[in-house]
Amino acid sequence: MSKGLGTTVGRSSRRRILRLAGGGITMAALGAGLTGCEDELATGGEGSTPPPRSASPEDGKAPADGKAPEPLWTKSTSAQTYGDNDELVAVDGVVIASGDPLAAFDGATGEERWSLPDGAVPGAPLLLGDGTLYLESGKYDGSVAGYVPGSGKEAWRSRLGKEYRQPRPVAVDAEQVYVIAEILEADGSSHTNVIAALNSGTGKVAWKEQRDLGTQQNGIHAAVQGRYLVYTDFKNNLTVRDTATGKQVWTQKTTKTSYGPFVVHQDLVIVPQGQRLQAFALSDGSEKWSVRTEEFTGFREPSLLEDVLYIADSARTLWAVEPGTGKKIWKSTALKDASAQVPRQFVKVGGTLYGATDLDKQGGIHAFDAKTGGLRWTFNDKSGDYHSWLVATDGKRVYALHGKKLHALPA
């Protein structure tokens, strides 16, 4: 499966709007006021996450159940993130967080490997494909660039054309980089946008298709699966295009706007829509299965890890689901039992599932038993930063980003 799953481009989502101040006290207070009711209902309210224990692992090993680890290292970064899963990546021995300058840290030691001023638009997705890190140019010059993650050296650059403004990568596969850009009018304004594919070898435009009037270039979540490019937007559209031609295969309205990622699995696209989690056939959009959670609760963002779909709901229930059938593998009430915050992003290493929580200052990184959903421990840096937690892994360590603090935890 290609990288780019559930990738977000654009910064107009509710979650992003709450973070646009980038640390400003006024906006932080406003965000807390706007989200307080929903977050308290969904997660149990402020201060409900159990505090971490102080025990440190021995020789870099993961701690025993109930004991949160001390970080292997912690670094201050230039990170400027907005809470999307694709703003923190671990690849080729380095960990990178979206920011300006864009900086890569050695995964083992935390030492800075390279730094790239104007390398990416802060908060923009970090898209990995075929050994290349693809970025929207931080120079705002209308280009898309590709870099070698381990060294930061430029390996590729492309431009869609002068008649388009700031192409934004939304997904990649082994052959193409998919971008969305505004179509410029003679007076410099824009009322429409285009979706296009750039050849990842030559940078040439493979195809471009104008999207319908009224669609937006912001708030796109996209994924590539074989011959299908799948994306959602804030207009409640779920759309599939042919990756070879750009032609629309099908589109349909969803019942809810998705503020977070979706997943694709084999021939299915799986989208959370409030109380329902629905799977549609990539070929024609027909519904293949649906899972419903409790009344007055909603599903959060899903993650597909080792052919298991993990997702939490606002009632603080954690689900493991077979992605092909929707069959429940297990449901865990460990979050509810511990009055713990709800995670919205997951990674997995061995038998441990790690989940990153959202805005609450008492959130953090939960570690779960991947076979049962049992809560093992919660790590929190107690910084009080209002940014969402982000989590990534290289299989050896788990990286937790909170505001500008990057922590490496033993896996």
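How much area does the protein expose, and what share of it do carbon and sulfur atoms supply? Switch on the surface to begin: about 16,300 Å² is exposed, with 48% of it supplied by carbon and sulfur atoms. Keep in mind as you go that this is a predicted model.

**The whole chain**

Now change to a cartoon view. You will find three helices and 33 strands. Of the 411 residues, 59% are buried. Among contacts with a separation of 6 or more, 49% are between residues 24 or more positions apart.

**First stop: Trp73 and Tyr399**

Seven aromatic pairs turn up in a search of the whole structure. Select Trp73 and Tyr399 to see one of them, with ring centres 6.2 Å apart. Their planes meet at 40 degrees, and because planes from 30 to 60 degrees apart count as tilted, so does this pair. Colour the two strands as well: Trp73 belongs to β2 (residues 73-76) and Tyr399 to β32 (residues 397-402), so the pair ties together parts that are 326 residues apart in sequence. If the surface is still on, hide it here, as both Trp73 and Tyr399 are buried.

**Second stop: Tyr310 and Trp330**

Next, select Tyr310 and Trp330, another tilted aromatic pair, with 6.2 Å centre to centre and 45 degrees between the planes. Tyr310 sits in strand β24 (residues 308-312) and Trp330 in strand β26 (residues 328-332), 20 residues apart. Are these two residues buried or exposed? Tyr310 has a relative accessible area of 3%, which is under the 20% cut-off, so it counts as buried. Trp330 is buried too, with a relative accessible area of 9%.

Then add Lys331 and Trp319 to the selection. Lys331 lies over the face of Trp319, at 4.3 Å from the ring centre.

**Third stop: strand β13 and its partners**

Move on to residues 192-199, which form strand β13. Seven of the eight residues in this strand are buried. Which strands pair with β13? On one hand there is β12 (residues 176-183), joined to β13 in the antiparallel sense over eight bridges. To see an example, pick Val179, whose bridge partner in β13 is Ala196.

On the other hand there is β14 (residues 205-210), which also pairs with β13 in the antiparallel sense, over five bridges. Here, select Ile195 and look for Glu209 of β14 standing opposite.

Finish at the hairpin of β13 and β14, where five residues lie between the strands. Gly203 is the residue to click: it takes a positive phi near 85 degrees.

Methods:
Residues are numbered from 1 along each chain as its sequence is written. This is a predicted model: local features need pLDDT of at least 70, side-chain atom pairs count only at pLDDT 80 or more; totals for chains, interfaces and linings use all residues. Side-chain values use heavy atoms; hydrogens and water are left out. Helices (H or I, at least four residues) and strands (E, at least two) are DSSP runs, numbered from the N terminus. Buried means under 20% relative accessible area, exposed over 50%, partly exposed in between (1.4 Å probe, protein chains only). Contact means heavy atoms within 4.5 Å. Accessible areas come from the Shrake-Rupley method with a 1.4 Å probe; for residues, only the protein chains shown count as cover. Rings of Phe, Tyr and Trp (its six-membered ring) pair if their centres lie within 6.5 Å; planes under 30 degrees apart count as stacked, over 60 as edge-to-face and the rest as tilted. A charge sits over a ring if NZ of Lys or CZ of Arg is within 6 Å of the ring centre and within 35 degrees of the ring normal. Two strands pair if DSSP finds at least two bridges between them.
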